[in-house]
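Thanks for sharing this one with me. Here are my notes, in the order I would go through them with the model open.

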Amino acid sequence: MTVIRLLTVFCLLTIVNSESANQRQHATVAEVEEYIEKTKQNINPRYRLHYHVAPPVGWMNDPNGFSYYKGEYHIFYQFYPYDSVWGPMHWGHSSSPDLVNWKTLPTALVPGDVQCFSGSAVVDGDTLTLMYTAHEITDSEPYYNETQFLAYSDDGINFRNYEGNPVLPAAPNGSPDFRDPKVWRHGDFWYVVIGSKTSDERGRVLLYRSSDLKDWDFLTVIGESTGDMGYMWECPDFFELNGKHILLMSPQGINPEGDRYKNTYQTGYIIGTFNYDTYEFVQEVQFQEMDYGHDFYATQTTDLDGKRYVIAWFGMWEVPHPEEADGWAGALTLIRELSLVGDRIIMKPVESMISLREEKLLDGEFQAGEVINFEKTGEIIVEGDLENKIELLLEGREGGGKVWLKWDPDVEKVIVDRGSGDIRQVEWSPLDSKSWRIFLDASSIELFCGEGEVVFSSRVFPEGGWKLTNQSPQILNITLYKLKRSVPA
Ligand code: FRU
């Protein structure tokens, strides 16, 4: 074939591809659902999670629109159904009566001329209102622009865009990075925080106020990097917790520092006090990471009956996603309840997780060197002598998925080690309880130390079920439960 013919074929292929991508961007919800139904059958089930929300097919990243509406919790997520890598963003959707049992609902938002980037949901009268970032591809540098859109639902299933979109057309400094609105109600007003950056590339969070969710007044910059806190602050959240205010966000571009900031991007929080008359957020405790595992990003919280819950993307940018080969990628963490103790947010698995316990597979002494095999899910409560080393090896019964959970009393650190130097670790001084609570799913581990003052969330990929070995130089006390499935297969 001549070079010219090759070029022609390449150009034609490009046109066909971009046409189909374009048609897909304008697909209806019904067309997306038909595609999902058809494609679901081709998914390889080996790493599919049993009690974590994951996309039915395709790619997922951030949780969005975490809310409680007409008796059910709702969680949406950044979703690309057509491939297991990131693509034009839709909003996937699941709902739950109890934050543990989730059912999949039809895709809530599909991209048209704009993609549907992250955002939040609030209940306004009888309506579930979404506020999200419309991400638009443009012809000139920087080739994208971001504005804020509203969408409405009266049944929590079908959504329609507001005709007057965008409701927030530009950041005060004109930055094209202007995304991830998190809305809440306080007194007579709605407030929103939005992630953005300064013109010299320092991450910041903007605060606005509105009386109707449509007309917004810019109030202030409530947080901004002074230089070493990254170039962009994504997915901000702002809420009261035990009398303080928390600015929770996901900065991009913080440099690693010893044990800290080892993931591609971070998620963490600043504790302070906030005054709704002056809009002043006085920072009292510097940025701290929320979770110390390999895969935790883009958190979102919601509150009900005085409780504050958080969920995060159980994943990370720019790392391998082994389940990609199976037709899906990404998941959400289990829900954690937050409280503030001193200078630190503690995260506890939501209480209803207990309802997933099935048979007790082990209850009592687990000798040094002892091994136990179980299926793809488990909750393990571990008690040991913290004066002495603890070392638990988890791995696939048929190989893969090796992860060591360790306690090193000499440095007082908990260590999650996926082998080959892929380590996350942090100091732990137990508040009260000295036990560990470990949640294992088919391709994930979440380790809660003590009251939840130190938590690690990491994806791991065992073949077959799980095998647990006590490699500690001590007898441990272990309770192990099998956990039920609580999400669609
Ligand atoms: C965070 C993020 C958001 C954005 C979305 C796009 O992971 O980059 O800032 O809205 O993902 O999918």
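1. How many disulfides does the count come to? Zero, in this predicted model. A disulfide would need two cysteine sulfur atoms within 2.5 Å. Cys116 takes part in none, and its nearest cysteine sulfur, in Cys235, lies 15 Å away. Seen from the other end, the sulfur of Cys235 has that of Cys116 as its closest cysteine sulfur, and because they are 15 Å apart, this is too far for a bond.

2. Are these two cysteines buried or exposed? Cys116 is buried, with a relative accessible area of 2%. Cys235 is buried as well, and its relative accessible area is 6%.

3. Next, the domains. The assignment splits the protein chain into domain 1 (5–349) and domain 2 (356–483). Taken over C-alpha atoms, the centres of domain 1 and domain 2 are 30 Å apart. Domain 1 brings 34 residues to the contact, and domain 2 brings 36 residues.

4. What is the area buried between domain 1 and domain 2? It is about 3,000 Å², with 55% of that given by carbon and sulfur atoms. On the domain 1 side, Tyr51, Tyr292 and His294 lose the most area to domain 2; together they make up 24% of what that side buries.

5. The same interface has charged and polar pairs to look at. Five salt bridges are found across the interface of domain 1 and domain 2. The polar contacts across this interface come to 29 residue pairs, counting those with both residues at pLDDT 80 or more. A salt bridge you can display is the one between the side chains of Glu451 and Lys348, at 3.4 Å from N to O.

6. Now for the nonpolar cores. The largest has 66 residues, and Ile246, Met290 and Ile345 have the most contacts inside it. This core takes at least three residues from domain 1 (5–349) and at least three from domain 2 (356–483). There is also a second, separate core of 32 residues, with Phe366, Leu392, Leu394 and Trp407 among them.

7. Which residues is Met290 in contact with, leaving aside its neighbours within four places in sequence? The list is Leu248, Thr267, Gly268, Tyr269, Phe296, Val310, Leu338, Arg344, Ile345 and Met347. Ile345 appears in that list, and Ile345 is also one of the residues with the most contacts inside the largest core.

Terms used:
Residues numbered from 1 in each chain as written. Predicted model: local features only at pLDDT ≥ 70, side-chain atom pairs only at ≥ 80, totals over all residues. Heavy atoms only, no water. Buried < 20%, exposed > 50% of the residue type's maximum accessible area, 1.4 Å probe, protein only. Core = buried A, V, L, I, M, F, W, Y, C linked by side-chain atoms within 4.5 Å. Domains from an automatic or database assignment. Contact = heavy atoms within 4.5 Å. Buried area = accessible area lost by both parts, 1.4 Å probe. Salt bridge = Lys/Arg side-chain N within 4 Å of Asp/Glu carboxyl O. Polar contact = N/O pair within 3.5 Å; in protein donor to acceptor, adjacent residues only side chain to side chain.
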